[in-house]
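Dear colleague,

I am handing over the structure we spoke about, and below it I have set down what was found in it. Please read the notes with the model open beside you.

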Amino acid sequence: MELGVEIGKLLVAFLVLINPFSALSIYLDLTQDHSTKEKRRIARTAALAVFIVIAVFTLTGGMLLKILGISVGSFQVGGGILVLLIAISMMNGNDNPAKQNIGRDKEEGVVQHIQKNAKAIAVVPVAIPITIGPGGISTVIIYASAARNYSDIALILAAGFLVSLICYAILVVAGRISKKLGTTGLTILNRIMGMMLAAVSVEIIVAGLKSIFPQLAG
């Protein structure tokens, strides 16, 4: 039961931060001239790229902090503040400030240039940085650096795998989701995600403060 609860907690944290719905408009713009088969391949490659990023930083996050001489508590506080800023921006109806608006300015010909290569679309910008950007990577490192054993690492990887599957499923039906929810629906969903993300960021910051000031845990 505890295993399911931990995976569920990690899954929610990753989902609200990675927020695959934020990639819908970019994905639809960049794949409008592709066949259904190509769109599925792009969605599959993007989901795989998301999982690879999560896996890489899960396995190397703790070591990276040690090399840089950064304590887990300090990174938790810093990362938590970044996540909180992202959450506030989302609740205000703005785009995620940690994710670039790549491909939205058609006047500069960016969309037409990127559309030529399906693999390029899938990895950049759909997977990185639109789906998983600095905020998502920071969160993965935070959880990985706080892992106590291999079981904790396995939980993070399992949650990352489930998130990548959800990303794939959402991208596959992106057209139908966009039509049903519309701009207003997606905006409301984005703000709800922002509220949940704010709660996650507070937990991260509190955990970091307790690590830096152990007396607070008492």
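Cys167 has a relative accessibility of 3% and therefore counts as buried, where buried means under 20% relative accessible area, exposed means over 50%, and partly exposed covers what lies in between, with a 1.4 Å probe and protein chains only. This residue is found in helix H8, and, leaving out residues up to four places away in sequence, Cys167 touches Ile18, Pro20 and Thr131, a contact being heavy atoms within 4.5 Å. Cys167 also has its C-alpha 8.5 Å from that of Val50, although 117 residues separate the two in sequence.

Before going further, please keep in mind that this is a predicted model, in which local features need pLDDT of at least 70 and side-chain atom pairs count only at pLDDT 80 or more, whereas totals for chains, interfaces and linings use all residues. Residues are numbered from 1 along each chain as its sequence is written, and side-chain values use heavy atoms, with hydrogens and water left out.

The average pLDDT of the protein is 82, and 83% of the residues score at least 70; pLDDT is the predictor's confidence in each residue, on a scale from 0 to 100. Residues 103-115 call for caution, since pLDDT stays under 50 over that stretch, for which the model has 24 contacts beyond four places in sequence.

As to the overall architecture, the protein has nine helices and zero strands, these being DSSP runs numbered from the N terminus, with helices (H or I) of at least four residues and strands (E) of at least two. Of the 218 residues in the protein, 43% are buried. Among contacts between residues at least 6 apart in sequence, 86% join residues at least 24 apart. The accessible surface comes to about 11,400 Å², and 64% of it belongs to carbon and sulfur atoms; the areas come from the Shrake-Rupley method with a 1.4 Å probe, and for residues only the protein chains shown count as cover.

To return to H8, this helix runs over residues 150-172, and its 23 residues should span 33 Å at 1.5 Å a residue, which agrees with the 33 Å between its end C-alpha atoms; the expected span is 1.5 Å times one less than the number of residues. Its buried residues include Asp152, Ile153, Ala159, Gly160 and Cys167. At the N-terminal end of H8, Asn149 acts as a cap, with a side-chain oxygen 3.1 Å from the backbone nitrogen of Ser151.

Helix H7 (residues 134-145) has 12 residues, for which 16 Å is expected at 1.5 Å a residue, and its end C-alpha atoms are indeed 16 Å apart. H7 is mostly covered, with nine of its 12 residues buried, among them Gly135, Gly136 and Ser138. Ser138 has a relative accessibility of 13%, and, leaving aside neighbours within four places in sequence, Ser138 is in contact with Phe75 and Leu82.

A search of the whole structure finds two aromatic pairs, that is, rings of Phe, Tyr and Trp (its six-membered ring) whose centres lie within 6.5 Å, with planes under 30 degrees apart counted as stacked, over 60 as edge-to-face and the rest as tilted. The rings of Phe14 and Tyr143 have centres 6.0 Å apart and planes at 90°, so this pair is edge-to-face. Phe14 lies in helix H1 (residues 2-18) and Tyr143 in H7, so the pair ties together parts that are 129 residues apart in sequence. Phe14 is buried at 1% relative accessibility, whereas Tyr143 is partly exposed at 21%. Phe51 and Phe161 form an aromatic pair that is also edge-to-face, at 5.8 Å centre to centre and 80° between the planes. Because Phe51 lies in helix H3 (residues 36-68) and Phe161 in H8, the pair ties together parts that are 110 residues apart in sequence.

Finally, some backbone features deserve a look in the model. Most residues other than glycine have a negative phi, and most peptide bonds are trans. The peptide bond from Val124 to Pro125 is cis, with omega near 15°, and the bond from Ile128 to Pro129 is cis, with omega near 5°. Pro125 is found in helix H6 (residues 118-131), and Pro129 has its place in H6. Asn19, in the loop between H1 and helix H2 (24-30), has a positive phi near 45°, and Asn19 is buried, with a relative accessible area of 3%.

With best regards

Conventions:
A polar contact is a pair of N or O atoms within 3.5 Å; within protein, one must be able to donate a hydrogen and the other to accept it, and residues adjacent in sequence count only if both atoms are side-chain atoms.
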